[in-house]
Amino acid sequence: AEALGMTATLNPFLHPDNPSGIGHVWRGGLNFTGPTLDTFFTNYTAYMTSMADLAVAGGADRMLIGSEMVALTGNSSAEAYWRSLITAVDGIFGGTISYAANHTEYAGVPFWDALDEVGVDAYFGLASSAQASGVGNPSVATITANWAPHLATLKSFGLGEGKPIVLTEWGCVPQDLTTVEPWNWDPNATPDPLEQLNAYQATVTATDLTGDWLGGINFWHWSMPGNDGSAFHLTPASLPGQFLKSYLIPEPGSFVIFSGLTLLLSRRKSRNRNRGNLGG
């Protein structure tokens, strides 16, 4: 990655074990109280500090300390634990540190002041069912326009926090109605790779040259061994893959490819470790 002038981000995921399999219990619903909360964060901090060691050893530029842990970021009793975790990771890893909040969660995360960036898994609805129904719908123009209010809200929030916004995840699947619920891995039985392509083109169009408030987009996700069974995965031969391969990046640092569960690749961009400044 470094030889290609790119940067790497380590994004460790917590996936609850469940008899039905990974993904059948969402980590966003995990919550604990009393001694169990203390036990959880003791173990979780040990895990994240070991990941920080890995990030240092691998020369990563960015690390995320969690992803979509909605109930635990909303638990007022857990805030001190989160802040202690951030301090522990920061004592090991000298790169950019953030957290990947769900798009319904980010406004309530209480510890952005302790991080370098506001991370958002940005699976906002980008079309109504009427707009998206039928192969090839909605158009690039419609999706681009529907991004506008979400981006305006994110920009305002980031400026209020004094932090750049990074879309720590965004993607959709090659099925009809995917723009209605981009987070949904199976929104419809009808294949619609054109709707997926339109969504990728519109997302790049809507976010291009928006300014330093937007630090990057992490597309979920590039195909690699272990994740090629996911409906979200992109290959060089897929329509979004062909588009992304041919796309010329006009603004260095504005574009990130999310590759699998743990690796983010982006154009190299200098970072600013002063957490009080926008544009890190």
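Modeller: A residue is called buried here under 20% relative accessible area, exposed over 50% and partly exposed in between, using a 1.4 Å probe and protein chains only. The structure is a predicted model, in which local features need pLDDT of at least 70 and side-chain atom pairs pLDDT 80 or more, while totals for chains, interfaces and linings use all residues. Residues are numbered from 1 along each chain as its sequence is written, and side-chain values use heavy atoms, without hydrogens or water.

Biologist: How much of the chain is buried, then?

Modeller: The chain has 280 residues, and 49% of them count as buried.

Biologist: And how many helices and strands does the chain have?

Modeller: There are seven helices and eight strands. They are DSSP runs numbered from the N terminus: helices are H or I over at least four residues, strands E over at least two.

Biologist: What share of the contacts joins residues at least 24 apart?

Modeller: Taking contacts (heavy atoms within 4.5 Å) between residues at least 6 apart in sequence, 70% join residues at least 24 apart.

Biologist: On to the interior. Which residues touch the most other members of the largest nonpolar core?

Modeller: I65, W82, V89, Y99, W112, W147 and W170 do, in a core of 57 residues. Helix α1, which covers residues 34-58, contributes the most to this core, namely eight residues. A nonpolar core is a set of buried Ala, Val, Leu, Ile, Met, Phe, Trp, Tyr and Cys residues joined through side-chain atoms within 4.5 Å.

Biologist: What does W170 touch?

Modeller: Leaving aside residues up to four places away in sequence, W170 touches A122, Y123, L126, W147, P182, A199, Y200, T203, I217, N218, F219 and W220. W220 also belongs to a second, separate core of five residues, whose members include F13, V173 and F232.

Biologist: W220 again. Which residue does a cis peptide bond join to W220?

Modeller: The partner is H221, with omega at about -5°. H221 is part of strand β6, residues 214-222. Another cis peptide bond joins N137 and P138, again with omega at about -5°. P138 is in the loop between α4 and α5.

Biologist: Why do those bonds deserve a second look?

Modeller: Because most peptide bonds are trans, and most residues other than glycine have a negative phi.

Biologist: On phi, what value does E68 have?

Modeller: E68 is not a glycine, yet its phi is positive, about 55°. E68 sits in the loop between β2 (62-67) and α2. L209, also a residue other than glycine, has a positive phi near 55° and is found in the loop between α6 (193-207) and β6.

Biologist: Is E68 buried or exposed? And L209, buried or exposed?

Modeller: E68 has a relative accessible area of 8%, so it is buried. L209 has 58% relative accessibility and therefore counts as exposed.

Biologist: One more loop: where does N75 lie?

Modeller: N75 is in the loop between α2 (70-73) and α3 (79-90). Its relative accessible area is 13%, so N75 is buried.

Biologist: What does N75 touch?

Modeller: Not counting residues up to four places away in sequence, N75 touches N31, F32 and L37. N75 and N31 are 44 residues apart in sequence, and their C-alpha atoms are 7.7 Å apart in space.

Biologist: And V135, which loop is that in?

Modeller: V135 is in the loop between α4 (129-132) and α5 (140-161). V135 counts as exposed because its relative accessibility is 54%.
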